[in-house]
Amino acid sequence: MHRRWLLKQAGAVALTGGLPALARAADSDADHTLRIATGLVELAPDHIVSTTLYNGQFPGPLLRMRQGQRVTVDIHNDTDTPELVHWHGQTIPAEVDGASEEGSPFIPPHGTRRVSFEPKPAGFRFYHTHVPAYGDLNRGSYTGLAGPVYIEPADNPGSHDREVFVVLKEFAPVFSRGGDMASDALPGTALPALQRIGRAADAEALEKTKGFEVSYDLFSINGRMLGHGEPIRVKPGERVLFHVLNASATEIRSLALPGHVFRVIALDGNPVPVQAEVPVLWLGTAERVSALVEMNRPGVWIMGDLAGDDRGRGMGIAVEYAGRGGKPEWRQPGPFRWDYARFGRPGTAAVPDETIEMIIVKHNAALNGFNRWTINGEAFSMASMKPGFTLHEGRRYRVKLRNASDDIHPVHLHRHSFELTHIGGKATSGVVKDVAMLGGFQELAFDFVADNPGPSLFHCHQQLHMDFGFMAMFNYG
């Protein structure tokens with residue numbers, strides 16, 4: 001379609017869809033208003049995509065909140081299908097968390113829902129859709145329904161000159177058979193016992209081909225492809241705090257800024273016990289990293305993904321120093337593995353009251369060509385809400401995960417934060433997250449305190465994995 005016609009239609013959508021939202025916000029007491037509707041994203045002049053958006057933009061608007069200060073959000077759904085807004089990483093009640101499995105009501109087609117909650121904990125969170133997509137690449141997190149949330153702490157002295165929010169996202173998804181996920185992101189080695197379980201599952205598969213995976217044609221940072229849109233403009237000597245969100249539906253992403261290092265100060269919005277400098281950030285789907293960068297290498301640089309193909313198709317953004325111009329420069333950094341223990345304290349965490357063990361197995365192409373995922377031999381059922389585990393309020397639980405597949409799984413627990421206790425063959429403590437990458441044929445353990453009663457969903461944040469079985473429910477007894 002012709003670009004001028006597309007942009008004209010986008011303007012019409014903005015006028016017809018945006019003004020009513022503004023009018024409603026003006027005569028209500030809502031702190032924030034979100035409107036879900038189909039719109040256009042101009043990644044580049046010759047790459048305009050139609051998708052579902054918040055407030056007609058990608059990423060959705062940055063929502064700033066203050067820890068413990070109650071907020072009200074009006075959510076309008078202008079689409080023809082039910083929707084959900086999940087407040088990822090917040091310890092809020094199940095009825096407003098935004099997951100139907102927990103009892104959060106859907107926002108009906110052409111309907112409105114108002115939610116109110118106390119934002120917590122402080123730090124970098126985000127909001128996104130939580131509807132299943134299954135085989136529909138126009139639903140769920142394949143769309144543009146994601147936006148950043150920053151919850152200001154009650155006491156925020158600040159140690160930076162300014163903040164920059166960076167949202168990584170692919171567009172134009174397509175199905176393909178098989179395909180390898182990046183395996184060079186994490187340390188640790190494959191465990192032979194888990195490899196044997198994986199091979200046994202492959203041998204039992206009725207269909208011997210690999211199941212469907214998703215690949216992408218277009219890549220972006222903050223809704224623009226590399227070479228389009230405004231650069232991040234900096235000054236020599238500035239201390240810039242980058243808040244990086246991987247808003248992908250399925251991909252693990254890396255990010256480097258040649259000639260600079262990232263001083264990681266928070267993971268998933270939670271301050272780390274040990275701040276460490278790294279040359280590359282690795283983020284699983286839905287992970288966030290907050291990192292300080294000292295601007296001490298004047299020039300024009302590409303901040304982008306290590307994968308040349310993805311960077312070449314848009315996964316990058318120019319960082320331009322004041323008074324400098326010209327074509328942005330990329331220099332490939334050396335290999336670097338992402339070790340969560342680098343940011344933690346040595347030694348073991350507190351002894352848990354109870355341990356929950358899970359083993360994850362992939363069944364190739366078992367569901368009409370899609371892989372089926374099981375936890376302890378059971379794929380999640382919406383009818384029975386199983387597999388399920390019972391929690392008792394106030395107790396400390398250790399979840400031990402064993403991955404009998406070659407995939408990296410970014411596992412996410414709703415409505416709670418957890419402390420990593422074992423990762424990549426190492427014991428650690430003090431690293432608090434809500435998503436963590438579990439390596440292929442590896443083990444991971446984390447602890448959490450059952451301090452937020454109500455059903456709490458646990459799942460892999462890779463859309464294909466959660467849609468086809470990799471979920472479980474924690475219920476308070």
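**Notebook: aromatic pairs and two buried sites**

I counted the aromatic pairs first; the total comes to 20. I note that this is a predicted model.

**Entry 1, F58 and F171.** I looked up the pair formed by F58 and F171. The geometry is edge-to-face, with 5.3 Å centre to centre and 90° between the planes. An angle over 60 degrees counts as edge-to-face, so the 90° of this pair fits the label. Where do F58 and F171 lie? F58 is in the loop between strand 2 (47–54) and strand 3 (63–66), and F171 is in strand 9 (residues 162–177). The pair therefore ties together parts that are 113 residues apart in sequence. I then checked burial. F58 has a relative accessible area of 8% and is buried. F171 counts as buried too, at 2% relative accessibility.

**Entry 2, F446 and F458.** Next I took the pair of F446 and F458. I find it tilted, at 6.2 Å centre to centre and 45° between the planes. F446 sits in strand 29 (residues 443–449) and F458 in strand 30 (residues 456–460), so this pair links parts 12 residues apart in sequence. Buried or exposed, I asked of F446? F446 is buried, at 0% relative accessibility. F458 is buried as well, and its value is 0%. I then looked for a cluster around these rings. F446 and F458 belong to one aromatic cluster, together with F389, Y397, F418, F448 and F474.

**Entry 3, a charge over a ring.** I looked up R177 and F212. R177 lies over the face of F212, at 4.4 Å from the ring centre.

**Entry 4, S220.** I moved on to strand 10 (residues 212–221), which holds S220. S220 is buried, with a relative accessible area of 0%. I listed its contacts, leaving out residues up to four places away in sequence. S220 touches L43, V167, L168, K169, F171, M225, G314 and M315. F171 from my first entry is thus among the residues that S220 touches.

**Entry 5, E287.** I placed E287 in the loop between strand 16 (280–283) and strand 17 (288–294). How accessible is E287? The relative accessible area is 3%, under the 20% limit, so E287 counts as buried. Which side chain makes a polar contact with the side chain of E287? I find that of K433, at 2.7 Å. I also went through the contacts of E287, setting aside neighbours within four places in sequence. They include K433 again, along with V435, A436 and M437. V244, L245 and N246 are also on my list, as are D268, W282 and Y340.

Terms used:
Residues are numbered from 1 along each chain as its sequence is written. This is a predicted model: local features need pLDDT of at least 70, side-chain atom pairs count only at pLDDT 80 or more; totals for chains, interfaces and linings use all residues. Side-chain values use heavy atoms; hydrogens and water are left out. Helices (H or I, at least four residues) and strands (E, at least two) are DSSP runs, numbered from the N terminus. Buried means under 20% relative accessible area, exposed over 50%, partly exposed in between (1.4 Å probe, protein chains only). A polar contact is a pair of N or O atoms within 3.5 Å; within protein, one must be able to donate a hydrogen and the other to accept it, and residues adjacent in sequence count only if both atoms are side-chain atoms. Contact means heavy atoms within 4.5 Å. Rings of Phe, Tyr and Trp (its six-membered ring) pair if their centres lie within 6.5 Å; planes under 30 degrees apart count as stacked, over 60 as edge-to-face and the rest as tilted. A charge sits over a ring if NZ of Lys or CZ of Arg is within 6 Å of the ring centre and within 35 degrees of the ring normal.
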